[in-house]
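Me: Could you take a close look at one part of this model for me, the place where the two chains meet? Follow it into whatever sits around it.

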Amino acid sequence: MSTQEREEGRQIRCLIAKVGLDGHDRGAHVISRAFRDAGFEVIYSGLHRAPDEIVQAAVQEDVDVLGISILSGAHNTLVPKIVEGLKEYDAFEDTLILVGGIIPDDDRDEMLEMGVGAVFGPGTPMEETIEFVRENVHDRE
Amino acid sequence: MTATGTESALVGDLLDGKHRALARVITKIENRSPGYRDIVSALHTHTGTADVIGITGSPGAGKSTLVDKLARTYRDRGETVGVIAVDPSSPYTGGAVLGDRIRMASNVGDMDVFFRSMSARGTLGGLSTATSDAVKALDAFGKDKVIIETVGAGQNEVDIVKTADTVCVLVQPGSGDDVQMLKAGILEIGDVFVVNKADMDGAERTVAELEEMIHMRENPAAGLNTGHHGPVDDEEMEQVALDDPDEEAWDPRVVETVATDATGVDDLIDTLDEHAAWLSETGRIDDRARTRYAEEIRQLIRADTARLLEEVIDARGGIDALADDVLSKETDPYSVADELVGPVRECVDEELER
């Protein structure tokens, strides 16, 4: 990619968010780095963020992709709050939401119905996630 | 230039105070999306009310933490804040990890602090144009204070002068060598020097070194009265000092802070306010704005002509083909440049003759 191309045109921006009380962020770090190497701009939230903070960051940073990492099992509480918050700021339609971590199969469909683009469990190859982002990132005017 | 359609709706929403619109405008500015110029043009008349503060310094000096505490303190004083934090981008993939937001812990949930992470996106021109246009968006949105945090030390820092009204240079204690090194660089652009981590050993010495450096700049004879050369009478020293023709000149300040617990942040804000007051009292604020706009016009023209010439290059079969011709000694770089710029030069000559 030439400098010219990089300066002009769309750059995929991602927020990698650790929400709730679990302190395991190895996965979030690995994905941040992989996204960076894929040429994305990655904003990492840091640990123990509340849903409100994630919404604030996603809106202000105008990210194309919001990757939520949850390993605590609290996804059924936390993810809906984030989705609601994004809707409040008219940011839901434009944001591709991904959830990564330990999500039981029974909860997956619920997540997807809620508006989550995909749920990636442990062992998902990095290329698969990156490819998914490239193909599914929402069009913007 | 006037905005049309979606652009004007977006500008309207931004001026109405919609965060989403502000965020989207900055994205368009960063991406150089079609229509971004119309947007920035439309915003121009709404700018000019914000104090723009630049924060620079070496990596790890505590810029992000200080910015967080500054924003918090401004908020406590009832002012709204916009922050643009620039981090480097990878020269290989164009990707970036933007980590300054992590430090913004004091302003969580406060939407009146609008924090935006920005990648440097290469270094050729893009940074300062995108950053200064984003500042305009925050200014037009109605932010009282706009804080720009630069990438860690390097050449970019000098660009901050072109964008900020007040430049704050962070220095770490115990970095005597750094101070030496910085003398020729960013120490020349500081309106306020902040010795952060002032609870660390060596802070006093760093403060003293900075003070000395500032006074050397103002009065080269200062510090010479060491007694080695016999008594120098005070009047003579004063005379040297009075030779400075610019009595209104700003005397750079040195402020000590401990950003992690907000010690000294009130002092710093008072100093920044003093500088802002000085800028408007002396009329320097307009001088700076004039210089900034002149630079901006130049930069835009440079970028626009460069783009035009890129088209010419493409029309001649692309830069690789041209390079191949040079490689095979069919021609040389100067001749190629002359040939490509020739038609442009003819147009200019014609224009000037008119």
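Reply: Sure, let's start where the chains touch: 31 residues of chain B are in contact with 32 residues of chain A (contact means C-beta atoms, placed from the backbone, within 7 Å). This is a predicted model, where local features need pLDDT of at least 70 and side-chain atom pairs count only at pLDDT 80 or more, while totals for chains, interfaces and linings use all residues. Residues are numbered from 1 along each chain as its sequence is written, and chains are lettered from A in the order in which they are written.

On the chain B side, α2, β3 (96-98) and β4 (113-119) each give two or more residues; helices are DSSP runs of H or I with at least four residues, strands runs of E with at least two, numbered from the N terminus. The largest share, seven residues, comes from α2(B). By class, that side has eleven nonpolar, 14 polar and six charged residues (Ala, Val, Leu, Ile, Met, Phe, Trp, Tyr, Cys and Pro count as nonpolar, Asp, Glu, Lys and Arg as charged, the others, Gly among them, as polar).

The strands cross over too: β2 (residues 41-44) of chain A runs parallel to β3(B), joined to it by three bridges (pairing takes at least two DSSP bridges). In that pairing, A:I43 stands opposite B:L98.

Now for α2(B) inside its own chain. The domain assignment, automatic or from a database, gives chain B domain 1 (1-46), domain 2 (48-282) and domain 3 (302-353). Between the first two, 13 residues of domain 1 are in contact with twelve of domain 2. Here α2(B) again gives the most to the domain 1 side, with six residues.
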